[in-house]
Amino acid sequence: MRTFAGWGVAGVVCLLTKDTCVVGAASSIELPALPYAYNALEPVIGRKTLHVHHDKHHAKYVATANSMIEGTALEGKSLEEILLQSHRAKNQGLFNNVAQSWNHAFYWKCMKPKGGGTPTKGQLLTLIESSFGSFENFQKEFAQAGNTAFGSGWAWLVYNSKKKKLEVTKTIGADNPMTSAHVTPILTMDVWEHAYYLDYQNMRVTYVEKFLDKLVNWDFVADNLKRAVGGSKEEL
């Protein structure tokens with residue numbers, strides 16, 4: 001399990017304005033600003049979807065998680081620490097909100113305007129091909145994970161440090177693969193309906209296809225893999 005820099009915990013929480021996230025009151029878990037404008041992923045993901053998804057759903061998870069840890073020993077700890085401790089303690093309510101806070105913060109960075117296609121960075125593409133046989137096989141397996149996650153969930157590309165290979169997995173609800181030993185997430189795709197319904201209604205298959213073809217931020221994924229393989233650890 002590895003940590004990721006740039007989002008998740010700071011001594012502040014973001015208060016939403018029209019298109020930005022600004023510093024507000026002190027808190028343990030942060031709602032990060034989107035790493036792009038609300039309309040930047042159009043026409044694949046619309047401005048309204050990002051407003052609702054980030055400003056309502058993600059913000060609610062963050063607010064609820066903060067209210068649950070206020071005044072406890074978990075207040076002030078990193079988002080990852082709270083996620084793992086709540087999982088070990090079988091505190092499902094806290095875990096759900098903290099994991100969803102982490103999952104969404106990670107998901108935003110897994111996308112970029114004019115992304116998708118085939119990764120160009122050598123280490124990532126080489127390991128995808130050695131782990132799955134070909135990049136096309138990876139795409140099929142990742143799409144299948146997203147399309148077959150029953151109800152609400154996530155599709156993941158993870159690095160397994162014990163097997164020294166990449167694997168595709170899916171989780172249901174708020175679950176996160178970091179709760180498993182030797183596993184580091186390097187890419188995720190949200191398949192909860194609020195991630196795509198305003199743009200695609202019940203056509204999750206189309207959303208999954210366009211996510212892979214048009215949105216994946218392979219530079220971010222490659223950086224995550226480099227840290228995971230190297231065994232480095234960055235604090236949030």
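These are my notebook entries on what I looked up in this predicted model.

**Entry 1: the nonpolar core**

I began with the largest nonpolar core, which has 68 residues, and looked for the members that touch the most other members: these are Phe-138, Phe-142, Leu-157, Leu-166, Leu-187, Tyr-207 and Phe-211. I then asked which helix gives the most to this core, and found that helix H3, residues 92–109, does so with eight residues. I noted beside this that nonpolar side chains in soluble globular proteins tend to be buried together.

From that list I followed Phe-211, setting aside residues up to four places away in sequence, and found that Phe-211 touches Tyr-107, Met-111, Phe-142, Leu-187, Thr-188, Met-189 and Val-216.

**Entry 2: Asn-103**

Next I turned to Asn-103, which has its place in helix H3. Is Asn-103 buried or exposed? Its relative accessibility is 0%, so I entered Asn-103 as buried. I then looked for what surrounds this side chain, and found that one of its polar atoms lies 3.1 Å from the backbone oxygen of Ala-174. Leaving aside neighbours within four places in sequence, I listed the contacts of Asn-103 as Trp-154, Trp-156, Ala-174, Asp-175, Asn-176 and Thr-188.

**Entry 3: helix H4 and its two sides**

In helix H4, which covers residues 122–132, I found Leu-124, Leu-127, Ile-128, Ser-131 and Phe-132 to be buried. Looking down the axis of H4, I saw that these buried residues fall within an arc of 105 degrees, and therefore they line one face of the helix. On the other side of H4, I recorded Thr-126 and Ser-130 as exposed.

What do the buried residues of H4 pack against? I traced them to helix H5 (135–148), strand E3 (153–160), E4, E5 and helix H8 (218–230). After H4 comes Gly-133, for which I noted a positive phi near 95 degrees.

**Entry 4: aromatic pairs**

A search of the whole structure gave me 17 aromatic pairs. Among them is the pair of Phe-135 and Trp-218, which is edge-to-face, with 5.9 Å centre to centre and 65 degrees between the planes. This pair links distant parts of the chain, since Phe-135 is in helix H5 and Trp-218 in helix H8, 83 residues apart. I checked the burial of each partner: Phe-135 has a relative accessible area of 5% and counts as buried, and Trp-218, with 6%, is buried too.

I also looked at Tyr-200 and Tyr-207, whose aromatic pair is tilted, with 6.4 Å centre to centre and 45 degrees between the planes. Both of these tyrosines are buried, and Tyr-207 had already come up among the core residues that touch the most other members.

**Entry 5: backbone points in the loops**

Last, I went through the backbone geometry. The peptide bond from Glu-42 to Pro-43 is cis, with omega near 5 degrees, and I placed Pro-43 in the loop between strand E2 (21–23) and helix H1 (47–69).

Lys-90 is not a glycine, yet I found a positive phi of about 60 degrees for it. Lys-90 sits in the loop between helix H2 (79–88) and H3, and is exposed, with a relative accessible area of 73%.

For His-182, also a residue other than glycine, I noted a positive phi near 70 degrees. His-182 has its place in the loop between strand E4 (165–172) and strand E5 (183–190), and with a relative accessible area of 41% I entered His-182 as partly exposed.

Methods:
Residues are numbered from 1 along each chain as its sequence is written. This is a predicted model: local features need pLDDT of at least 70, side-chain atom pairs count only at pLDDT 80 or more; totals for chains, interfaces and linings use all residues. Side-chain values use heavy atoms; hydrogens and water are left out. A nonpolar core is a set of buried Ala, Val, Leu, Ile, Met, Phe, Trp, Tyr and Cys residues joined through side-chain atoms within 4.5 Å. Buried means under 20% relative accessible area, exposed over 50%, partly exposed in between (1.4 Å probe, protein chains only). Helices (H or I, at least four residues) and strands (E, at least two) are DSSP runs, numbered from the N terminus. Contact means heavy atoms within 4.5 Å. A polar contact is a pair of N or O atoms within 3.5 Å; within protein, one must be able to donate a hydrogen and the other to accept it, and residues adjacent in sequence count only if both atoms are side-chain atoms. The arc is that of the directions from the helix axis to the C-beta atoms. Rings of Phe, Tyr and Trp (its six-membered ring) pair if their centres lie within 6.5 Å; planes under 30 degrees apart count as stacked, over 60 as edge-to-face and the rest as tilted.
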